Amino acid sequence: MEARIVAWLQRLVQIPSVNPAHAGPTAQTTGEGAMVTVLAQIFGDLDADEIIYDPVLPKRDNIYAIWHGSDSAVALLDVHLDTVGVEQMTIDPFGADVRDGRVYGRGAVDTKASLAVALAVIEAQVRSGAPFEQTIMIACTVDEEELGSGAIALAAWLRMRKLRPQTMIVAEPTECRAVYGHTGLVRLWVHTQGVAVHTSQPDRGVNAIAAMLPVVNAYIAEHQRLQTTTPAALGHGTLTVSLINGGRGMNIVPDACRIGIDRRVVDGESAADVQRQLEALAAHASDGQATFTFVTSAEALYQDPAHPWVAELCLFHGTTPTTAPYGTNAFAYGDIPHCCVVYGPGSIAQAHTEDEWVSVAELNRAAAWYRQWWRVGSEPNA
Ligand SMILES: [Zn+2]
């Protein structure tokens, strides 16, 4: 199986799928479109019972493949197709070189590795002629590295189909550990308006930067308050005023100011509630002057780590459940899956790097778990 996993991974790495938000001159064709075209062919060759295109963005469809099983359980893998950019790389991003027990290239670990493992495991089962017990669904999603719109579309599709997977993996490099939690976030622009006049007579105008000051102070105080609350399983929420723009010239009273804020959301909080709180705080601090532009929000992931399937995964690899400091597509799925973890071969330390790689040993470990998860194959555990 190892040779097949590596061959699949090389084929996937050789198809550029740079997220357009990360595109540059050497990225070649950007977007996930070429990957989707090839995957439709592959899923057909692997006798998928259903192949579904789910439109998300122009020329950027999610593609889903389903192999029907004999019982009613559904196991769902969400694997994102896009990668970050390649402009800073010191290796051939699409060469897919194999040396020293590693596969190199953009997406090798984040996260074409998981898709290659899944394809090899499905391929072995289909070629063996043995039926599937569970229904297996591979959901290939777009736009994870920017806005997560592929994950939002998948969540909507699952709700529309009334499909609640018993088990779900969101593929990311976790060194084959089960990630049961990560924070969510809320990002907003907050605006204040002023009236521009010459700075020789500033009191004739209204200074938008001065109007923003109490809002900034209120948010700093809110961050400090959050650190004194009882911590959730994922710790404390945080709030950072991370951007500020305002003013037009040294001799003009500023007529506009805006700040960008990033609030990390923990389990037990809802992103929508947090957004309302942030807007109320600014409205109060600015005497109702502040206005808002919503940027993005995502719910935290929190899966009870004592769930039997999480325990089974951890026992299989001899690991313990863990949390992640980064966010994933899991922000979108809420209570749709009965049990959901983030999992995949390779380390996040190699993701987005100038010489991205994944070790073949990690690919084998993940394939062994996939065979147990999907109740397929008979090869001994790697
Ligand atoms: Zn990723």
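## Two pockets and the domains around them

Domain 1 (2-182 + 300-373) and domain 2 (184-298) each supply at least three residues to the lining of the second largest pocket. The model is predicted. This pocket has a volume of about 250 Å³. Its lining counts 17 residues, and the closest to the pocket centre are A300, L301, Y302, A330 and G334. By class, that lining holds 10 nonpolar, 4 polar and 3 charged residues.

Now the largest pocket. About 630 Å³ of space lies in it. Its lining is made up of 27 residues, and E144, E146, L185, G327 and T328 are the closest to its centre. Two elements give two or more residues to this lining: β9 (184-193) and β12 (291-298). The strand β12 gives the most, with 4 residues. By class, the lining of the largest pocket has 9 nonpolar, 10 polar and 8 charged residues.

Where does the largest pocket lie with respect to domain 1 and domain 2? Both domains give residues to its lining, so the largest pocket lies between them.

The table sets out the make-up of each lining.

| Pocket | Nonpolar | Polar | Charged |
|---|---|---|---|
| Largest pocket | 9 residues | 10 residues | 8 residues |
| Second largest pocket | 10 residues | 4 residues | 3 residues |

In short, domain 1 and domain 2 both line the largest pocket, and each also gives at least three residues to the lining of the second largest pocket.

Notes:
Residues are numbered from 1 along each chain as its sequence is written. This is a predicted model: local features need pLDDT of at least 70, side-chain atom pairs count only at pLDDT 80 or more; totals for chains, interfaces and linings use all residues. Side-chain values use heavy atoms; hydrogens and water are left out. On a 1 Å grid over the protein atoms alone, a cavity is a set of points where a 1.4 Å probe fits but cannot get out, and a pocket is an open set with protein on both sides within 12 Å along at least five of seven lines; lining residues have an atom within 4 Å of a point. Grid points are joined across faces, edges and corners, and a volume is the space filled by probe spheres set on the points. Ala, Val, Leu, Ile, Met, Phe, Trp, Tyr, Cys and Pro count as nonpolar, Asp, Glu, Lys and Arg as charged, and the others, Gly among them, as polar. Domain bounds come from an automatic or database domain assignment.
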